[in-house]
Amino acid sequence: MAYLGIPKNTVEILQKYNFSFQKKFGQNFLIDTHVLDKIIASAEITKDDMVLEIGPGIGTMTQYLCESAKKVVAVEIDKSLIPILEDTLSEYDNINIINEDILKVDINKLVEEENEGKPIKVVANLPYYITTPIIMGLFEKNVKVESITVMVQKEVAERIKSGPGTKDYGALSLAVQYYAQPQIVANVPPNCFMPRPNVSSAVIRMKLHKEPVVNVCDEELMFKLIKASFSQRRKTLTNGINNSPELKFTKEQVTKALIQMGKNENVRGETFTLDEFAKLTDILKCTQT
Ligand code: SAM
């Protein structure tokens with residue numbers, strides 16, 4: 001078995017198929033067995049699990065996943081990688097390769113068909129150009145997922161796990177933390193990839209909450225308020241919400257709600273916790289109706 005985590009084996013397979021990297025697909029293949037071991041261990045995969053891998057590339061991580069999981073479904077957009085995957089994964093009978101754009105796949109249907117509707121684990125070295133739509137798509141479409149363990153740009157990992165009052169805290173932190181508990185499990189330098197990316201990377205594991213951590217009467221309204229509050233970082237929360245084309249609240253309504261919460265009317269969004277955004281949503285929702 002030629003494990004592709006060993007750089008020599010990756011080079012051989014790339015030459016065999018005369019493969020040329022496509023920058024537009026964010027192709028940076030892993031060539032470090034320690035990082036691969038770390039990802040697999042953090043994802044806590046067992047022989048009961050179905051794993052969805054987004055962007056298997058030449059199958060480097062897929063080989064490890066096939067050995068640890070019951071079943072692996074790998075979705076790869078680049079059709080020139082399909083014959084390579086069929087070659088590098090030929091020894092496994094628990095792999096299903098789908099040549100498709102992950103953003104166009106009905107993942108709920110996939111979970112239903114491939115895992116009888118039971119929660120799956122998502123593991124990936126993500127294409128960085130679509131990190132946020134992939135992660136938020138899984139959450140917002142309520143895909144039955146137990147955990148998501150993914151390689152992302154280091155800066156994005158920091159934003160995801162940040163708390164109120166820090167420079168990286170923002171709409172992405174709140175959105176992810178509403179659904180899951182994030183933890184950075186490894187920092188990964190550029191030399192662990194072929195070709196080397198221009199940025200540092202990190203592996204982040206997001207375990208989905210079993211019970212909601214906050215209760216809110218209107219989830220959609222809360223996320224609109226969050227988006228508006230962070231759209232202009234230097235503005236007060238009141239101005240951010242008032243200036244949003246998506247929202248119809250007056251400055252007076254927002255100020256009144258903040259006072260009701262015991263907050264200063266000049267407060268900025270970056271100091272607000274998820275719980276406070278939920279409370280503000282509940283108060284403003286009553287104002288609306
Ligand atoms: N998993 C491999 C590894 O770790 O070596 C490759 C990771 S590489 C960073 C990202 C992979 O995602 C590439 O194989 C790329 O072709 C694929 N990809 C890019 N956009 C995609 C999309 N929209 N849907 C599915 N796969 C995509």
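The lining of the second largest pocket splits into seven nonpolar, three polar and 10 charged residues. This is a predicted model, and in it that pocket has a volume of about 380 Å³. It takes 20 residues to line the second largest pocket, and those closest to its centre are Ala171, Leu172, Ala175, Phe223 and Lys227. Three elements, H6, H8 and helix H9 (219-231), give two or more residues each to this lining. H9 gives the most, with six residues.

Now look at the largest pocket, which comes in at about 490 Å³. Here 23 residues form the lining, and Val145, Tyr179, Leu208, His209 and Lys210 are the closest to the centre. If you want to find your way around by secondary structure, helix H2 (33-43), helix H6 (131-140), strand E6 (145-153), helix H8 (171-179) and strand E9 (201-208) each put at least two residues into the lining of the largest pocket. By class, that lining has 10 nonpolar, four polar and nine charged residues.

So much for the pockets; where does the ligand sit? The ligand is in the largest cavity, one of two cavities of 30 Å³ or more in the structure. The largest cavity has a volume of about 310 Å³, and of the 27 residues lining it, Gly55, Pro56, Gly57, Glu76 and Asn125 are the closest to its centre. At least two lining residues apiece come from E1, strand E2 (50-54), helix H3 (60-68) and E3. The lining of the largest cavity counts 16 nonpolar, seven polar and four charged residues.

Next, the ligand's own surroundings. Its shell consists of 24 residues, with Leu30, Gly55, Glu76, Asn125 and Tyr129 the closest. Strand E1 (29-30) and strand E3 (71-76) each supply at least two residues of that shell. Sorted by class, the shell around the ligand has 12 nonpolar, seven polar and five charged residues.

Which atoms of the protein lie 2.9 Å from a nitrogen or oxygen atom of the ligand? On the oxygen side, a polar side-chain atom of Gln27 is 2.9 Å from a ligand oxygen. On the nitrogen side, an N or O atom in the side chain of Asp101 is 2.9 Å from a ligand nitrogen. The backbone takes part as well: a polar backbone atom of Pro56 lies 3.4 Å from a nitrogen atom of the ligand. How much of the ligand does the protein bury? Taken alone, the ligand exposes 600 Å², and the protein buries 99% of that.

The second largest cavity holds about 30 Å³ of space. Its lining is made up of Gly26, Asn28, Asn125, Leu126, Tyr128 and Pro197. Asn125 is also among the residues closest to the ligand. By class, the lining of the second largest cavity has three nonpolar, three polar and no charged residues.

Finally, a couple of backbone details. Most residues other than glycine have a negative phi, and most peptide bonds are trans. Asn18, in the loop between helix H1 (7-16) and E1, has a positive phi, near 50 degrees. The peptide bond from Met194 to Pro195 is cis, with omega near -15 degrees. You'll find Pro195 in the loop between strand E8 (193-194) and E9.

Conventions:
Residues numbered from 1 in each chain as written. Predicted model: local features only at pLDDT ≥ 70, side-chain atom pairs only at ≥ 80, totals over all residues. Heavy atoms only, no water. Near = heavy atom within 4 Å. Polar contact = N/O pair within 3.5 Å; in protein donor to acceptor, adjacent residues only side chain to side chain. Areas by Shrake-Rupley, 256 points an atom, 1.4 Å probe, with all protein chains shown as cover. 1 Å grid on protein atoms, 1.4 Å probe; cavity = no way out; pocket = protein on both sides within 12 Å on 5 of 7 lines; lining within 4 Å. Sits in = over half its atoms within 2 Å of the grid points. Helix = DSSP H or I, 4+ residues; strand = E, 2+ residues; numbered from the N terminus. Nonpolar A, V, L, I, M, F, W, Y, C, P; charged D, E, K, R; others polar. Points joined across faces, edges and corners; volume = space filled by probe spheres on them.
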